[in-house]
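This briefing addresses the salt bridges, the strand arrangement and the helix packing of the structure shown below.

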Amino acid sequence: MSMNEYDVLFNVVREPQGRIRLRDLNRNVLITQSSVSRLVDRLVQRGFLVKIDDRLDLRSTLIEVTPEGRAEFTRAARTHMRNIQERMTSSLDADELRTLQHLCTKLRVGQTGGRGRDFGA
């Protein structure tokens, strides 16, 4: 799975219902709108996402993660987290790791307005 695919799935999976408007997804990823659309289409073809018409806004499309997409994201997230952990523990001592964890938690909680979510698998 590419980093862009992981990023798109991450942004969909982290939503409370596993669903996001395509235009909101475009705001949350670091690739162009046309690249997001093509990437979403590829993830739909692979069975990881589905497109749904938005009944509240007929101009909008909702992107929803499938059970297969959630399973693939979870697998990739575990590998991603393991790689990060291995790199961190080999580079930082215990005090530095605690400081990093504190700072990351502070940033995460600040980003979600105090509604901290666990994005890991």
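In this predicted model, the side chains of R19 and E64 form a salt bridge, with N and O 2.6 Å apart. R19 belongs to strand β1 and E64 to strand β3, so the salt bridge ties together parts that lie 45 residues apart in sequence. R19 is partly exposed, its relative accessible area being 33%.

**Other salt bridges**

- The structure contains 6 salt bridges, among them a pair formed by the side chains of R46 and E5, at 2.7 Å from N to O.
- The pair of R46 and E5 links distant parts of the chain: R46 sits in the loop between α3 and β2, E5 sits in helix α1, and 41 residues separate them.
- The two partners differ in burial class, since R46 has a relative accessible area of 41% and is partly exposed, whereas E5 has a relative accessible area of 10% and is buried.
- A further salt bridge joins R75 to E72, whose closest N and O atoms are 2.7 Å apart.
- R75 and E72 both lie in helix α4 (residues 67-91), and because they are 3 residues apart, about one helical turn separates them.
- An α-helix has 3.6 residues a turn, so residues three or four places apart point the same way.
- R75 is partly exposed at 43% relative accessibility, while E72, with a relative accessible area of 19%, is buried; the cut-off for burial is under 20%.

**The sheet**

- Three strands make up an open sheet; the 3 strands follow the order β1-β3-β2 and pair in antiparallel fashion.
- The edge strands, β1 (19-21) and β2 (49-53), each pair on one side only.
- From one strand to the next, the twist averages 30°.
- The antiparallel pairing of β1 with strand β3 (residues 61-65) extends over 3 bridges.
- R21 has L62 in β3 as its bridge partner.
- The pairing of β1 with β3 thus concerns the strands that also hold R19 and E64, which lie in β1 and β3 respectively.

**Helix α1 and its surroundings**

- Helix α1 lies across β1, β2 and β3, and runs at about 95° to β3.
- Of the 11 residues of α1, 8 are buried, so the helix is largely enclosed by the rest of the structure.
- The buried residues of α1 are E5, Y6, V8, L9, F10, N11, V12 and V13.
- The cover over these buried residues includes β1, α2 (22-28), α3, β2, β3 and α4.

**Packing of α1 against α3**

- The axes of helix α1 (residues 3-13) and helix α3 (residues 33-45) come within 11 Å and cross at roughly 80°.
- Angles of 65 to 115 degrees count as roughly perpendicular, and α1 and α3 are therefore roughly perpendicular to each other.
- On the α1 side the contact involves N4, E5, V8 and L9, which meet L39, V40 and L43 of α3.
- By class, the residues of this contact comprise 5 nonpolar, 1 polar and 1 charged.
- E5 takes part in the contact with α3 and also in the salt bridge with R46.

Conventions. Residues are numbered from 1 along each chain as its sequence is written. This is a predicted model: local features need pLDDT of at least 70, side-chain atom pairs count only at pLDDT 80 or more; totals for chains, interfaces and linings use all residues. Side-chain values use heavy atoms; hydrogens and water are left out. Axes are lines fitted to C-alpha atoms, for helices over the stretch in contact, and angles run from 0 to 180 degrees between N-to-C directions. Helices (H or I, at least four residues) and strands (E, at least two) are DSSP runs, numbered from the N terminus. Angles under 35 degrees count as roughly parallel, over 145 as roughly antiparallel, 65 to 115 as roughly perpendicular and the rest as oblique. Contact means heavy atoms within 4.5 Å. Ala, Val, Leu, Ile, Met, Phe, Trp, Tyr, Cys and Pro count as nonpolar, Asp, Glu, Lys and Arg as charged, and the others, Gly among them, as polar. Two strands pair if DSSP finds at least two bridges between them. A salt bridge is a side-chain nitrogen of Lys or Arg within 4 Å of a carboxyl oxygen of Asp or Glu. Buried means under 20% relative accessible area, exposed over 50%, partly exposed in between (1.4 Å probe, protein chains only).
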